[in-house]
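Colleague: Got a minute to walk me through this one? I have it open and want a quick tour.

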Amino acid sequence: MQRFEQACAVPIAVWHSKLTAKQRLDTWLLAREGLVSIIIGTRSAVWIPLSNIGVFIVDEEHDLSYKQQSSFRYSARDVAIVRAKQAGVPILLGTATPSLDSLYNALQQRYQHFVLPERAGAAIHPSFHIVDMRQQKNALSPQLKKAIKQRLKKRQQVLLFINRRGYAPTLTCYNCGWVATCKNCDANLTYHSNNQRLNCHHCGASHLMYSQCPSCQYLKLSLLGQGTERIEENLEQQYPSARILRIDSDTTSRKNAIQELLNAIHNGEADILIGTQMLAKGHHFPKVTLVGIINIDSGLYGIDFRSTERMAQLLIQVAGRAGRANEAGAVIIQTHHPDNPLLTRLIRKGYNAFAQAALQERQQTEFPPYAHLALLRAEAKTLDLAMEFLNKAKAQAKINEQVQLWGPVKAPMEKRATWYRSQLLLQAKERKLLHEFLSWWLPTLQKMAGSKVRWSLDVDPQDLL
């Protein structure tokens, strides 16, 4: 809003979930009556009525958050594309790391592709360094610690990225092998040191920290893995005079907290920033000259076929916070898989070369954008009920060589918030054939559904977990 108000002397309105109902209504009515010229908003802003449309702009078009994953499922990016087509106006999809879907559309000449080879202003492309962590025992490698020390001496800022909040993701007993798990989900509880509680990041369940193992009563429990809180503690010990700021959903839950933290960064009141994805995108930190990525490995071998694409996008987005002013930036990437071919291609040849290799893989495996998917999900209080619904749904489907049905199978996270989850994947080479099939199949599903099973049909699913 501040940047647009400085650049454009026209009425501007904003739309996001933190506004009151009255504020949202005011924006809705002003837009509908054509009394504002620019509307800046989050995902649901794509539905705002506009009286005289000129252009749609989708910033960070690759971002997963544009897809609503629950209740009414839609992609704000794709809805904006349809609205622009219907209105006969341009739409600009902006990103430094295009989604493979958008790149494919550009290759097919459905989109015009404009490339900006230089960074904004005087910003210099950062240098990348991979650190092999296979022989390292600490979360911070000697190379990263040395680089941090050098930046602190020069009074420059350092950004450390770890996409896991809390202190440690696993609490275990080495005596009997017990692990603290959530009773409602197939997930481990994460320890948070600020309130000494074990929290589930999926359903919100919370439990007091155990003083001894509940299985064998052993008194010494062990915390495994690293979260933002543990990295913060480590840094406080390593650099006692440094001013450290942690930015994650735990430190920004209070109203205006995120703005206060960002102001502190811009005013030079912080030396080391630790954060999750909240720090990765869009922020302009002129004094940051070093970015350290604590662990990139979870994205290299994820279950979802889009894992590597998202890893690459996140890495490049985080790296983009370094060297945005006159000082050259450096990015240090810690990994246990330094020879991973996609990672080395990304670092040595850039995102475009990575994307071309990833598109070749997708073509060979017939995954999007070379095919189209739909995911039928079912949830019930027992796994048998969920699987029974999907098996019946599959049995009712017409035999069709153009649309393949895979499964049903248990979801990768089988239980979430007390509900057992399973899924059936549909795949077709042509979108038209998939939609024709779904239009015929959907009424059948509605007739089959009972009160004991919750189900949803997600077209173009972005998350297969």
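Colleague: What is the sign of phi at Gln109, the residue that follows H4?
Modeller: Positive, near 65°. Keep in mind that this is a predicted model.

Colleague: And H4 itself, residues 100–107: mostly covered or mostly open?
Modeller: Mostly covered. Seven of the eight residues in H4 are buried.

Colleague: Which residues of H4 are the buried ones?
Modeller: Leu100, Asp101, Ser102, Leu103, Tyr104, Asn105 and Ala106.

Colleague: What covers them?
Modeller: The cover includes helix H3 (76–87) and strand E4 (91–94). Helices H8 and H10 (351–365) are also part of the cover.

Colleague: Let's switch to the largest nonpolar core. How many residues does it have?
Modeller: There are 41. Leu159, Leu273, Ile293 and Leu315 touch the most other members.

Colleague: Which helix gives the largest share?
Modeller: H8, residues 307–319, which supplies seven residues of this core.

Colleague: What does Leu273 touch, leaving out residues up to four places away in sequence?
Modeller: Val158, Leu159, Leu160 and Leu245, for a start. Then Ile265, Leu279, Phe285 and Val288.

Colleague: What else lies apart from that largest core?
Modeller: Another core, of 21 residues. Its members include Val158, Ile162, Ala242 and Leu290. As a general point, nonpolar side chains tend to be buried together in soluble globular proteins.

Colleague: New topic: the four-stranded sheet. What is the strand order?
Modeller: E17-E18-E16-E19. The sheet is open, and the pairing is antiparallel.

Colleague: Which strands sit at the edges?
Modeller: E17 (403–416) and E19 (453–459), each pairing on one side only.

Colleague: How far are neighbouring strands turned against each other?
Modeller: By 20° on average, direction ignored.

Colleague: How many bridges join E16 and E19?
Modeller: Seven, in the antiparallel sense. E16 covers residues 372–380. Ala380 stands opposite Val453 in E19.

Colleague: Last one: H11 and H12. At what angle do their axes cross?
Modeller: Roughly 140°, and the axes come within 10 Å. H11 is residues 383–396 and H12 is residues 431–448.

Colleague: Why call that oblique?
Modeller: Because roughly antiparallel needs an angle over 145 degrees, the crossing at roughly 140° makes H11 oblique to H12.

Colleague: Is the crossing left-handed or right-handed?
Modeller: H11 passes H12 in a right-handed crossing.

Colleague: Which residues make the contact?
Modeller: From H11, Phe389, Lys392, Ala393, Lys394 and Gln396. From H12, Trp440, Trp441, Thr444, Leu445 and Met448.

Notes: Residues are numbered from 1 along each chain as its sequence is written. This is a predicted model: local features need pLDDT of at least 70, side-chain atom pairs count only at pLDDT 80 or more; totals for chains, interfaces and linings use all residues. Side-chain values use heavy atoms; hydrogens and water are left out. A nonpolar core is a set of buried Ala, Val, Leu, Ile, Met, Phe, Trp, Tyr and Cys residues joined through side-chain atoms within 4.5 Å. Buried means under 20% relative accessible area, exposed over 50%, partly exposed in between (1.4 Å probe, protein chains only). Helices (H or I, at least four residues) and strands (E, at least two) are DSSP runs, numbered from the N terminus. Contact means heavy atoms within 4.5 Å. Two strands pair if DSSP finds at least two bridges between them. Axes are lines fitted to C-alpha atoms, for helices over the stretch in contact, and angles run from 0 to 180 degrees between N-to-C directions. Angles under 35 degrees count as roughly parallel, over 145 as roughly antiparallel, 65 to 115 as roughly perpendicular and the rest as oblique. A crossing is left-handed if the near helix is turned anticlockwise from the far one by less than a right angle, and right-handed if clockwise.
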